[in-house]
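Colleague: Please take a close look at one part of this model, the contacts that hold its pieces side by side, and go through them in order.

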Protein chains: 2
Amino acid sequence: MTITTANRAHTLSDRFASRTGVFNESIWTSIFQQFRKHSDPVYFGDGSPAPEVIPVARLREASVAAWADAPDSLKYGDQQGYAPLRELVSSRISQRGIEATADEILIAGGSTQALDIACRVFLEPGDAVIVESPTFLGALEIFSLFEVEVIPVTMDADGMRMDELESILLSHGNAKIIYTIPTFHNPTGITMSLERRQQLVALANEHNVAIFEDDPYGELQYSGEPIPPIRSLDEQVIHFGTFSKTIAPGVRTGFAIAPPEVMEKMLGIREVSDISNDRIMMRTLYHASLDFLNDHVAEARTLYRARRDVMLESLENEMPTGVTWSQPDGGFFVWVTVPESIDARDLFDRAAENGVIVFPGEWFYTNRDVHRNVRLSFSTVPEDRIRIGIERLGTTLREMLD
Amino acid sequence: MTITTANRAHTLSDRFASRTGVFNESIWTSIFQQFRKHSDPVYFGDGSPAPEVIPVARLREASVAAWADAPDSLKYGDQQGYAPLRELVSSRISQRGIEATADEILIAGGSTQALDIACRVFLEPGDAVIVESPTFLGALEIFSLFEVEVIPVTMDADGMRMDELESILLSHGNAKIIYTIPTFHNPTGITMSLERRQQLVALANEHNVAIFEDDPYGELQYSGEPIPPIRSLDEQVIHFGTFSKTIAPGVRTGFAIAPPEVMEKMLGIREVSDISNDRIMMRTLYHASLDFLNDHVAEARTLYRARRDVMLESLENEMPTGVTWSQPDGGFFVWVTVPESIDARDLFDRAAENGVIVFPGEWFYTNRDVHRNVRLSFSTVPEDRIRIGIERLGTTLREMLD
């Protein structure tokens, strides 16, 4: 007879680790609810590449070449990642000023897994992680798994404020990581200035704190001059990249660049906790990227640049006085700040009723206690739909300001 | 100017978490050294399926069907795993007496990742995990990441000893998990009796400890009557399965079956730490397995049964008096026990010189302090090579006993 829940005295949930108590309610529940409010909403929530530029045919062809490596590639192996793919990453990243050999690169299941593995190298409960405020929701969720203190640093138009960072470092000996998205920041679209990057490197070195440079959007620049990645200024920076934004998220492939002492431990944790990425997909990505990815990214930039321009132009035309927004040089996001009289949570709800779905800014703050912003993503929305969506957002804001 | 290691006052390794201190030296280093000792060694170390039965052509065909789902499958999604693949697992596992819906199944990057995720649900430093002694090396490595006490329980011919388990449970309130490989155990090949499984379920319930049933080899039975999986006796058991042994390890796909309260937390950790498996490979495995996997596993069983029989027959012919070995009804392994006068570490070294590479038994003990055994894997070795390898092992043992 099978034992069922009914005839049991205990529950296993009494034995769960305290880290399982930290999950916020999933944001997807709220988003799904908003989709029910309008028959044809414009969705500005997507952090994915445009479906039109996902290179399906190229990937499908590359998969044939990848399978040609089987059955050898169907055994255990490639723990650090398929070597030719690491060479390719090494070569591509050098175009942006980062000198890293294939040995300094770990291929992982998205930059998300790479970040989780790096956190396992450094973090214990009670440690602190310093983040930009606001910052990427997914990173906050990873840090919460480690039961660490997450300390926000204010941003201005040049990125993370260094005076504030310095005073936090002086007062928090438990700080082990500074997590930053310096280039086309999520959610604000801001890029950290070169001077700030230099200051950041100096402060991190002085206090022996690791810099985690998250760089999912760095290749997607539409205007302005490129600013060197922080990793190009200091070889001890741990740099995270991904194929999710340049190729597709469903391939679940990203990477970390780390100095040898950190790489050794990351590789140890990777081998123990899940061995390797799917070996066929690593080969598929290699064959798909070779002699292709530069041109592909250039084409994607053209599409995204046009969408960004339409979004900024529509905001200019449609936003009531008192509303401001960022002017991103790249990436997927525009960050909108509303007048003090408006609560962005109400805007989130009422905009959805009017047919436009945004992300409320609170999701990107450590305590979810700032209600002045919404994040707009333009990457997956065609130009005419961007115009309609921003018009609807303007209408909603005017209704709320009346 | 890039900052280099030379001009730095600190090292980041001072800031590593204590869990990074727990890695044993990689066993692969020792194995590679053994390969250098002989021009044509027989390798009995492989825990992989035979290359001859990895269904490469079927997988390659299935990948075409998988890519037909793109580009939809190239976005984020399938966090719990591709639903048709979970339905397929649900249906296959019911053949072995486990009733579990697709909602109770999580697809992960091998059963290794599923086990790591489940550990993250339960374990904090200072907790205890109870294991069979000896047990799977990879599981010991995962537990070490969580800085828990690992408590070994002696095995006999019927599996884990229940009298010993009970006294450990009585004296260790910090025990949260009993980890067992009840069917064709790695490394011993032993199968836990039904009576023991029932006692185990009763004890775990009484003490509110989770049972982790690791079942990589359950489908690979060559003789004897099947014994129901522990999960079929208690729906609160967390059961781990994999495609690594029935299809191929390089596809990095396994699964966990867990009750709803555990599944909710596993899914939360999975979404936060690496989002999902590669979505194309999940579809490839689905299409490859449909109307195929039963026949494929039957064919593989025929090959492995013949290899097991040749290994057992060769041991009978070649082993000197005083050497004993297990008689597995399935799986990949035979566990050899040598006379007290022999140290299995020396056997490991000297056998390699004579052209046969085995795994020393110490690797499967929590403290690596038992030196009486070697593990022989027959899965990847052709019959004539098995005969040669066992002959070389016999020669080595006779040399050492002289």
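**Contacts within and between the chains**

Modeller: In chain A, the C-alpha centres of domain 1 and domain 2 lie 24 Å apart. The model is predicted, with pLDDT of at least 70 required for local features and 80 or more for side-chain atom pairs, while totals for chains, interfaces and linings use all residues. Residues are numbered from 1 along each chain as its sequence is written, chains are lettered from A and ligands numbered from 1 in the order in which they are written, and side-chain values use heavy atoms, leaving out hydrogens and water.

Domain 1 of chain A covers 12-53 + 295-401 and domain 2 covers 56-291, with bounds from an automatic or database domain assignment. Contact (heavy atoms within 4.5 Å) involves 30 residues of domain 1 of chain A and 32 residues of domain 2 of chain A. The two domains of chain A bury about 2700 Å² between them, 61% of it from carbon and sulfur atoms; buried area is the accessible area, taken with a 1.4 Å probe, that two parts lose on being put together, summed over both. On the domain 1 side of chain A, A:Asp329, A:Phe364 and A:Thr366 supply 22% of the area buried against domain 2, more than any other three residues.

Between these domains of chain A there are zero salt bridges, a salt bridge being a side-chain nitrogen of Lys or Arg within 4 Å of a carboxyl oxygen of Asp or Glu. There are 13 residue pairs in polar contact, both at pLDDT 80 or more. A polar contact is a pair of N or O atoms within 3.5 Å; within protein, one must be able to donate a hydrogen and the other to accept it, and residues adjacent in sequence count only if both atoms are side-chain atoms. The elements giving two or more residues to the domain 1 side of this contact in chain A are helix H10 (293-318) and strand E11 (333-337). Helices (H or I, at least four residues) and strands (E, at least two) are DSSP runs numbered from the N terminus. H10(A) gives the most to that side, with six residues. By class, the domain 1 side in chain A has 15 nonpolar, eight polar and seven charged residues. Nonpolar here means Ala, Val, Leu, Ile, Met, Phe, Trp, Tyr, Cys and Pro; charged means Asp, Glu, Lys and Arg; the others, Gly among them, are polar.

Next comes the contact between the chains. Chain A and chain B each bring 87 residues to it. They bury about 7500 Å² between them, with 56% from carbon and sulfur atoms. A:Leu12, A:Arg15 and A:Trp67 supply 11% of the area chain A buries against chain B, more than any other three residues. The chains share two salt bridges. B:Asp116 and A:Arg120 meet through their side chains in a salt bridge, at 2.8 Å from N to O. Polar contacts across this interface number 48 residue pairs, both at pLDDT 80 or more. The side of chain A that touches chain B is made up of 37 nonpolar, 29 polar and 21 charged residues.

Superposed by least squares on the C-alpha atoms of residues with pLDDT of at least 70 in both, chain A lies on chain B with an RMSD of 0.0 Å after a turn of 180° and a shift of 0.0 Å along the axis. The two copies are therefore related as by a two-fold rotation axis. They meet through the same surface, because 100% of the interface residues of chain A are also interface residues in chain B.
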